[in-house]
Amino acid sequence: GMNMKVKAVLSEERITLPELRANLLALEGERRSKERELSYELRRSIEHANHLGKTSPERSRELVEALLKHEKMKPDIAFRIANIMPRTRDELRAIYAKERFTLTGEELDAIIDLVMAHY
């Protein structure tokens, strides 16, 4: 069965990848100390989170909070931005592709500046 801690993490409504990564690494440390072999799935999850979690949990959370101060920002988009960490207008536009509104070049650049500040 799945460890309760993993269940608690996965049931959290919104979590950034760096936060997930920190949780997975803590869990990995716990498992290792019990000298148990990590399950293949958990190892894959940790590798995936390591690859994607480009910034620290604290900085990813600060970025989400900073993004949410923008009037056009929705929480799901803020989390997507924090997880993808777009560095170009095109990468950022891809995140907004399904939205009904488009951002101006200035708005895109302002968001990219925030991302770069939290890398």
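**Exercise 1. How many helices and how many strands are there in the protein?**

Solution. The model you are looking at is a predicted one. Counting its elements gives seven helices and zero strands, and reading along the sequence, you meet them in the pattern α-α-α-α-α-α-α. As a further step, consider burial and contacts: of the 119 residues in the protein, 34% are buried, and among contacts with a separation of 6 or more, 56% are between residues 24 or more positions apart.

**Exercise 2. Describe how helix α4 and helix α5 pack, and state which residues meet.**

Solution. Two packed helices are described by the angle between their axes and the distance between the axes. Begin, then, by locating the two elements, with α4 covering residues 57–67 and α5 covering residues 75–84. Their axes lie 9 Å apart, and the angle at which they pack is about 140°. Next, classify that angle: angles over 145 degrees count as roughly antiparallel, and 65 to 115 as roughly perpendicular, and α4 and α5 are therefore oblique to each other. The handedness completes the geometry, for the crossing of α4 and α5 is right-handed. Finally, turn to the residues, where S60, R61, L63, V64 and L67 from α4 meet A78, F79, I81 and A82 from α5. Sorted by class, this contact is made of seven nonpolar residues, one polar residue and one charged residue.

**Exercise 3. Find the largest nonpolar core and name the elements that give two or more residues to it.**

Solution. In soluble globular proteins, nonpolar side chains tend to be buried together. Here the largest nonpolar core has 20 residues, and those with the most contacts inside it are L63, L67, M73, I81, L92, Y96 and I111. The elements that give two or more residues to this core are α4, α5, α6 (89–95) and α7 (105–117). To see one member in detail, take L63 and set aside residues up to four places away in sequence; L63 then touches A82, M85, L114, V115 and H118. Apart from the largest core lies another one, of five residues, including L24, L27, L42 and I46.

**Exercise 4. Place P57 in its helix, and work out which residues P57 contacts beyond its neighbours in sequence.**

Solution. First, find the element: P57 belongs to helix α4. Second, leave aside the neighbours within four places in sequence, and the contacts of P57 are P18, E19 and A22. Third, compare sequence with space by taking N23, which is 34 residues apart from P57 in sequence, while their C-alpha atoms are 9.6 Å apart.

Methods:
Residues are numbered from 1 along each chain as its sequence is written. This is a predicted model: local features need pLDDT of at least 70, side-chain atom pairs count only at pLDDT 80 or more; totals for chains, interfaces and linings use all residues. Side-chain values use heavy atoms; hydrogens and water are left out. Axes are lines fitted to C-alpha atoms, for helices over the stretch in contact, and angles run from 0 to 180 degrees between N-to-C directions. Helices (H or I, at least four residues) and strands (E, at least two) are DSSP runs, numbered from the N terminus. A crossing is left-handed if the near helix is turned anticlockwise from the far one by less than a right angle, and right-handed if clockwise. Contact means heavy atoms within 4.5 Å. Ala, Val, Leu, Ile, Met, Phe, Trp, Tyr, Cys and Pro count as nonpolar, Asp, Glu, Lys and Arg as charged, and the others, Gly among them, as polar. A nonpolar core is a set of buried Ala, Val, Leu, Ile, Met, Phe, Trp, Tyr and Cys residues joined through side-chain atoms within 4.5 Å. Buried means under 20% relative accessible area, exposed over 50%, partly exposed in between (1.4 Å probe, protein chains only).
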